[in-house]
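Please open the model in your viewer and keep the sequence panel visible beside it. The tour below proceeds by selections, each followed by an account of what is found there.

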Amino acid sequence: MERWIESNGIRLWCETLGDPDDPAILLVMGLGAQGTSWPDDLCDMLQAGGRYVIRYDNRDTGLSGSVDYETRPYTLTDLADDAIGLLDGLGVKAAHVVGASMGGMIAQEIALEHPDRVRTLTAVMSAAAAVDPQTSSFRGSERDPRLVAWDARQTTDPPTTDEQRIQSRIDLARILSGSIAPFDEAATRRVIEREAARAGDMTHSMRNHILAVMASRDRSDLVGSITAPTLVIHGTEDPMAPFEQGRALAAAIPGGVLVPIEGMGHGLPAPALPRIAAAILQHTA
């Protein structure tokens, strides 16, 4: 079921799957990514496991409302407030919050600022450390040279056509993919083209979310106060948020559990989905 919810002054698109009487899982997606980036197969596995699954577009993505960042700047804490307003609109008092990448950072902020609304926390390929605006790397980690080269191309030869923008995202997906499965360029193109058809040029989303991440606080010394049972799922070959970031996050939260996924990069590849779903279902049982 698709619907729009007014939250924190923003109109958010969301989709729910399953029985509202089942325990709710709120899926929070990452930087510039739409809620539909959560794989359908993963959502189906969670629903089949007896969960009420909620996925949504963050502000400035997909079918949700956009803002002018210069006049209405925001941080990850504001995006966490958006998520709480979404739960309010859906009549969900507390949810199992699962965040991927930047979504995992938003999930941490939800757990820090609204602990009574979080039954459990799961962070996938995420980090507590802030991003250094000079290097675009998480503090404590080096930026992967392949990403440095990709970043440089966006500056020196920025994509100007739809096809160039799609190819640029394919190139990035290849870097992020890891060795868990051969990179499927055709399938990746289909997903990117589907997202572009749904929401148009995503330059606005990426720019605003990058600014929001850069403006947000470092949570490294804060996550120790999180009381929700916490699961950290992280690929061992993640070039965007290196594995040590996931390990540090799990270690910083009392009782935090780390589940490494061998060969997974920065994404949700099909071969890893059964294990990810099983870990989340066990954690939220």
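What follows is a walk through a predicted model, from the whole chain to single residues.

**The whole protein**

Begin with the entire chain in cartoon form. The protein contains nine helices and eight strands. Viewed along the principal axes, its C-alpha atoms fill a box of roughly 50 × 35 × 35 Å. The radius of gyration is 17 Å, which agrees with the value near 19 Å that a compact globule of 285 residues would have.

Now switch to a surface. The protein exposes about 12,200 Å², and 53% of that area is supplied by carbon and sulfur atoms. Of the 285 residues, 51% are buried. Among contacts with a separation of 6 or more, 75% join residues 24 or more positions apart.

Colouring by charge is the next step. There are 25 positive and 39 negative side chains, and the centres of the two sets lie 1 Å apart.

**Helix α3 and the turn before it**

Select residues 102–113, which form helix α3. The helix has 12 residues and should span 16 Å at 1.5 Å a residue; its end C-alpha atoms are 16 Å apart, in agreement. How many of the residues of α3 are buried? The count is 11 of 12, so the helix is mostly covered. Among the buried residues are M102, G103, G104, Q108 and E109.

Which elements do the buried residues of α3 pack against? Show β3 (24–28), α2 (76–90), β5 (95–100), β6 (118–124), α7 (203–215) and α8 (243–252), and the full set of partners is displayed.

Next, select S101, in the loop between β5 and α3. Its phi is near 60 degrees, a positive value in a residue other than glycine. S101 has a relative accessible area of 15% and is therefore buried, the cut-off being under 20%.

M125 offers a second case; select it in the loop between β6 and α4. Phi of M125 is near 45 degrees, again positive in a residue other than glycine. At 5% relative accessibility, M125 counts as buried.

**Helix α2**

Move to α2, one of the elements against which the buried residues of α3 pack. Helix α2 has 15 residues and reaches 21 Å from its first C-alpha to its last, close to the 21 Å expected. Its buried residues include L76, L79, A80 and D82, as well as I84, L86, L87 and L90. After the helix comes G91, whose phi is positive, near 75 degrees.

**Helices α5 and α6**

Select residues 162–176 for helix α5. The distance from its first C-alpha to its last is 21 Å, close to the 21 Å expected for its 15 residues at 1.5 Å a residue. Display the side chains of I166, S168, I170, L172, I175 and L176, which are the buried residues of α5. They pack against α4 (145–156) and α6. Just after α5, G178 takes a positive phi of about 75 degrees.

Continue to T188, found in helix α6 (residues 185–199). Is T188 buried or exposed? It is buried, with a relative accessible area of 16%. Leaving aside neighbours within four places in sequence, T188 is in contact with I170, A173 and F183. I170 has already appeared among the buried residues of α5.

**Two loop positions**

Select E262, in the loop between β8 (257–261) and α9 (273–283). E262 has a relative accessible area of 60% and is exposed, since exposed means over 50%. Beyond its neighbours within four places in sequence, E262 is in contact with I180 and T236. A distance label drawn from E262 to E142, C-alpha to C-alpha, reads 20 Å; the two are 120 residues apart in sequence.

Finish at A33, in the loop between β3 and α1 (40–48). A33 is buried, with a relative accessible area of 16%. For a last distance label, join A33 to G263: these residues are 230 apart in sequence and 22 Å apart in space, C-alpha to C-alpha.

Note on methods:
Residues numbered from 1 in each chain as written. Predicted model: local features only at pLDDT ≥ 70, side-chain atom pairs only at ≥ 80, totals over all residues. Heavy atoms only, no water. Helix = DSSP H or I, 4+ residues; strand = E, 2+ residues; numbered from the N terminus. Rg over C-alpha atoms; globule rule 2.2 N^0.38 Å. Buried < 20%, exposed > 50% of the residue type's maximum accessible area, 1.4 Å probe, protein only. Contact = heavy atoms within 4.5 Å. Areas by Shrake-Rupley, 256 points an atom, 1.4 Å probe, with all protein chains shown as cover. Lys, Arg positive; Asp, Glu negative; His and termini not counted. Charge placed at Lys NZ, Arg CZ, Asp CG, Glu CD. Expected span 1.5 Å × (residues − 1).
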